[in-house]
Amino acid sequence: MTHISSEQTMKAFGQHIGSLLHGGEVIELVGDVGAGKTTFVKGLALGLDIDEDIQSPSFTISRTYDARDDLRLVHYDFYRLDDAGIMKAELQESVNDTGVVTVIEWADIASDVLPNSRLTLQIIPTSETEREVTVSPVGDRAEIIAGTLV
Ligand SMILES: Nc1ncnc2c1ncn2[C@@H]1O[C@H](COP(=O)(O)OP(=O)(O)OP(=O)(O)O)[C@@H](O)[C@H]1O
Ligand SMILES: [Mg+2]
């Protein structure tokens with residue numbers, strides 16, 4: 001469990017993980033509304049040298065950003081969707097693309113498309129500004145990344 005003391009620390013945490021990514025990784029973000037999932041992704045984007053502003057993809061379901069080293073970040077948010085529909089096929093394509101880093105909020109509805117090999121982060125607010133993050137890695141890549149976190 002990692003203690004995060006501020007929004008800025010959450011971004012730094014995301015940036016650290018983002019800086020380690022080399023494509024093909026899948027990151028699932030678990031946590032309630034306002035937990036800080038999208039805030040984490042803003043940090044992740046810094047570590048991927050993305051200069052665009054990360055916006056919550058709630059209405060478009062996914063957003064794609066150009067990143068360093070010819071990588072792309074694809075950010076999904078399936079919040080309140082009853083049926084993932086065609087987005088499920090898109091998600092499947094993303095997770096199988098070694099040039100893509102895939103990050104997903106509210107993944108339950110599409111969980112059958114998520115690979116077992118992934119980094120799952122659960123974010124729990126413990127005060128207005130503090131969060132506890134539990135990192136669950138499955139697979140070699142995820143375990144290496146998790147191993148750099150203290
Ligand atoms: N330590 C922290 N880490 C992350 N966010 C924090 C922290 N402290 C305060 N916040 C605030 O909490 C809010 C988190 O919002 P954010 O959009 O990241 O949540 P979310 O988990 O993506 O929610 P949703 O499920 O609605 O998409 C922001 O307003 C942010 O400023
Ligand atoms: Mg969000």
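Here are a few short exercises on the structure above, each with a worked solution.

This is a predicted model, where local features need pLDDT of at least 70, side-chain atom pairs count only at pLDDT 80 or more, and totals for chains, interfaces and linings use all residues. Residues are numbered from 1 along each chain as its sequence is written, with chains lettered from A and ligands numbered from 1 in the order in which they are written.

**Exercise 1. The overall build**

Work out how many helices and strands the protein has, and what pattern they follow along the sequence.

Solution. Start with the count: 4 helices and 7 strands. Helices here are DSSP runs (H or I) of at least four residues and strands are runs (E) of at least two, numbered from the N terminus. Next, walk along the sequence and you get β-α-β-α-β-β-α-β-β-β-α. The radius of gyration is 14 Å, close to the 15 Å of the globule rule for 150 residues, so the protein is as compact as a globular protein of that length. That radius is taken over C-alpha atoms, and the rule is 2.2 Å times the number of residues to the power 0.38.

**Exercise 2. The sheet**

Find the strand order of the sheet and say which strands stand at its edges.

Solution. First, the order: the 7 strands run S1-S7-S6-S2-S5-S4-S3 in an open sheet with mixed pairing. Two strands pair if DSSP finds at least two bridges between them. Second, the edges: S1 (2–4) and S3 each have a single partner strand, so one side of each is left without a neighbour in the sheet. Third, zoom in on S3 (residues 62–66), which pairs with S4 in the antiparallel sense over 5 bridges. Tyr65 stands opposite Leu73, and Asp66 has Arg72 as its bridge partner. The two strands form a hairpin with 5 residues between them, and Asp69 in the turn has a positive phi of about 55°.

**Exercise 3. Helices on the sheet**

Work out which strands H2 lies across and which ones H4 touches.

Solution. Take H2 to begin with: it lies across S2 (26–30), S3, S4, S5 and S6, running at about 165° to S5. Then turn to H4 (residues 140–147), which packs on the sheet, touching S6 and S7 (131–138), and makes about 145° with the direction of S7. For these angles, axes are lines fitted to C-alpha atoms, for helices over the stretch in contact, and the values run from 0 to 180 degrees between N-to-C directions. Contact calls for C-beta atoms, placed from the backbone, within 7 Å.

**Exercise 4. Around the ligand**

Identify the closest residues to ligand 1 and the helix that gives the most to its shell.

Solution. Begin with the shell: 18 residues surround ligand 1, the closest being Met10, Gly36, Lys37, Thr38 and Thr39. A residue is near if its C-beta atom, placed from the backbone, lies within 6 Å. Now sort by element: H1 (7–20) and H2 (37–47) give two or more residues to the shell, and H2 gives the most, with 3.

**Exercise 5. Two positive phi values**

Is Arg80 buried or exposed, and where does it lie?

Solution. Locate it: Arg80 is in the loop between S4 (72–77) and H3 (87–95). Its phi is near 60°, a positive value in a residue other than glycine. Count neighbours: with 8 C-beta neighbours inside 10 Å, Arg80 is exposed. The cut-offs, for other C-beta atoms within 10 Å and placed from the backbone, are 20 or more for buried, 12 or fewer for exposed, and partly exposed in between. Then compare Trp106, with a positive phi of about 55°, which has 19 such atoms and is partly exposed.

How values were computed
Contact = placed C-beta atoms within 7 Å.
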